[in-house]
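This report addresses the architecture of a single protein chain and the side-chain contacts within it. Please consult the sequence and coordinates alongside the text.

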Amino acid sequence: MSRITYPSSPSRSSAQTRSSQFSSAHFRILFTLGSIVFLSAATLTFVRGPWLRVTRITVEGATPAINADVLQAGNRILDRSYAWMIPGRFFPAVRPDALETELLRQFPRIADVSIQKDFPETITISLTERTLFAVFCGGRPHENAMPLLPVPPCVWIDVEGFAYERAPETTGSLMLKIISEGAPPTLGIKIMEHNAIQTMHAVKKHIEDIGLRITQFIILADVPSELRAITHEGIMLILKQDGDSAKTATAMPPIVTAARINREKRVISETGSRAAEADRSAITAQSVGISTPPSVMAIGVPIPSTSSLRSFV
């Protein structure tokens, strides 16, 4: 008895193969998606958990008041979240460069910020304060405008000539003031060159060495080669901007003495106590018999009490 075997249908075998392949691909997709969801949830749980959190911030280098303000600002910045999911206090997510930039923006009185991360929970913020040099006031409401502003806006500038904060209109005679005929100062930029600051500092030091105290410097837009300084006695000294400040200071005592006498005569003459007319000319080195080199220009001008310059002292 013979047996006849019929082969399976090709269409049924192909359908089973495709079904098996689809099930395998479907499983791989679901497994991948499930793994991604699981890892994301695990990562988010770890990131938002109590692990690797910045719990200690130390601030140093400035005055206690500024240190305290920077500490508060640092805590506020770290309390933010990135993309609404990653806490700002998550230690690996703390970016020192971004934190430094934000603190410098909030505290213009700070010249430099350095941040150190100490694993796993500490951040140290080191500050460098700006060194105050003078109060800078100017000038015209806009270029070439006349007259000068009656009460020019003033700013604090550091030893690099950087304007960092508004200053009060009246700061007394103990604070050095620089008056400029230029445009009003702009905050957040360098408004004086470092060389000019150094020149004023040298002149101030050498003049103080001979017993005079400078309360103001005046910068004239139309005479940039001159540097004018006002002493606490109301004597205006006219100097060379790029002159030898040490030699200029050496030539100053007899000039200042003559200017004092000149001013006293003027005051007496103006009050009518003496009929003689006061000598109103400027006192130069030559007029008091002093020979000076070309690098020195030393002129003393007595300022009467009614002068508008006295309002800045």
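The account below moves from the whole chain to its sheets, then to salt bridges and selected residues.

## Overall composition

The model is predicted. Its chain contains five helices and 14 strands. Of the 313 residues, 34% count as buried. The accessible surface of the chain amounts to about 18,500 Å², and carbon and sulfur atoms hold 58% of that area. Among the contacts with a separation of 6 or more, 57% are made by residues 24 or more positions apart.

## The open sheet and its helices

One open sheet is formed by three strands in the order β1-β5-β4, with mixed pairing. Strands β1 (56–60) and β4 (110–118) occupy the edges; each has a single partner strand, so one side of each remains without a neighbour in the sheet. From one strand to the next, the twist averages 15°.

The pairing of β4 with β5 (residues 122–129) is antiparallel and extends over eight bridges. Within this pairing, Ser114 has Ser126 in β5 as its bridge partner.

Two helices lie across strands of this sheet. Helix α2 (residues 64–78) lies across β1, β4 and β5, and runs at about 145° to β1. Helix α3 (residues 96–106) lies across β4 and β5, with an angle of about 150° to β4.

## Strand β6 and its partners

How much of strand β6 is buried? Six of the seven residues of β6 (residues 132–138) are buried, so the strand is largely enclosed by the rest of the structure. Strands of a sheet pair through backbone hydrogen bonds, in either the parallel or the antiparallel sense. Strand β6 pairs with β7 (residues 154–158) in the antiparallel sense over five bridges, and with β9 in the parallel sense over four bridges. Val135 takes part in both pairings: Trp156 stands opposite Val135 in β7, while Lys177 is the bridge partner of Val135 in β9.

## Salt bridges

The structure holds nine salt bridges. Three of them are listed here with the separation of their N and O atoms.

| Residue | Partner | N to O distance |
|---|---|---|
| Arg80 | Glu102 | 4.0 Å |
| Asp158 | Arg130 | 3.0 Å |
| Glu208 | Lys204 | 2.8 Å |

Arg80 and Glu102 form a salt bridge with their closest N and O atoms 4.0 Å apart. This pair links distant parts of the chain, 22 residues apart: Arg80 is in the loop between α2 and β2 (81–82), and Glu102 is in helix α3. Arg80 counts as partly exposed at 46% relative accessibility, whereas Glu102 is buried, with a relative accessible area of 17%.

The salt bridge between the side chains of Asp158 and Arg130 has an N to O distance of 3.0 Å. Asp158 belongs to strand β7 and Arg130 to the loop between β5 and β6, so the pair ties together parts that are 28 residues apart in sequence. Both partners are buried: Asp158 has a relative accessible area of 4%, and Arg130 has one of 19%.

The side chains of Glu208 and Lys204 meet at 2.8 Å, N to O. These two residues are four residues apart in helix α4 and are therefore separated by about one helical turn. Glu208 is partly exposed at 33% relative accessibility, and Lys204 is partly exposed at 22%. Elsewhere, salt bridges that share partners join Arg80, Glu102 and Arg105 into one network.

## Leu187 and a nonpolar surface patch

Which residues beyond its sequence neighbourhood does Leu187 touch? Leaving aside residues up to four places away in sequence, Leu187 touches Val155, Ala163, Tyr164, Glu165 and Arg166. Leu187 is located in the loop between β9 (177–180) and α4 (194–209). With a relative accessible area of 34%, Leu187 is partly exposed. Leu187 and Trp156 are 31 residues apart in sequence, with a C-alpha to C-alpha distance of 9.1 Å.

On the surface, Ile29, Leu33 and Ile36 make a nonpolar patch of about 290 Å². Ile36 is situated in helix α1 (residues 10–48). At 48% relative accessibility, Ile36 counts as partly exposed, because exposed residues have over 50% relative accessible area.

Definitions and conventions
Residues are numbered from 1 along each chain as its sequence is written. This is a predicted model: local features need pLDDT of at least 70, side-chain atom pairs count only at pLDDT 80 or more; totals for chains, interfaces and linings use all residues. Side-chain values use heavy atoms; hydrogens and water are left out. Patches are made of residues with over 30% relative accessible area and no salt bridge: like charges are joined within 9 Å, nonpolar side chains (Val, Leu, Ile, Met, Phe, Trp, Tyr) within 5 Å. Accessible areas come from the Shrake-Rupley method with a 1.4 Å probe; for residues, only the protein chains shown count as cover. Buried means under 20% relative accessible area, exposed over 50%, partly exposed in between (1.4 Å probe, protein chains only). Contact means heavy atoms within 4.5 Å. Two strands pair if DSSP finds at least two bridges between them. Axes are lines fitted to C-alpha atoms, for helices over the stretch in contact, and angles run from 0 to 180 degrees between N-to-C directions.
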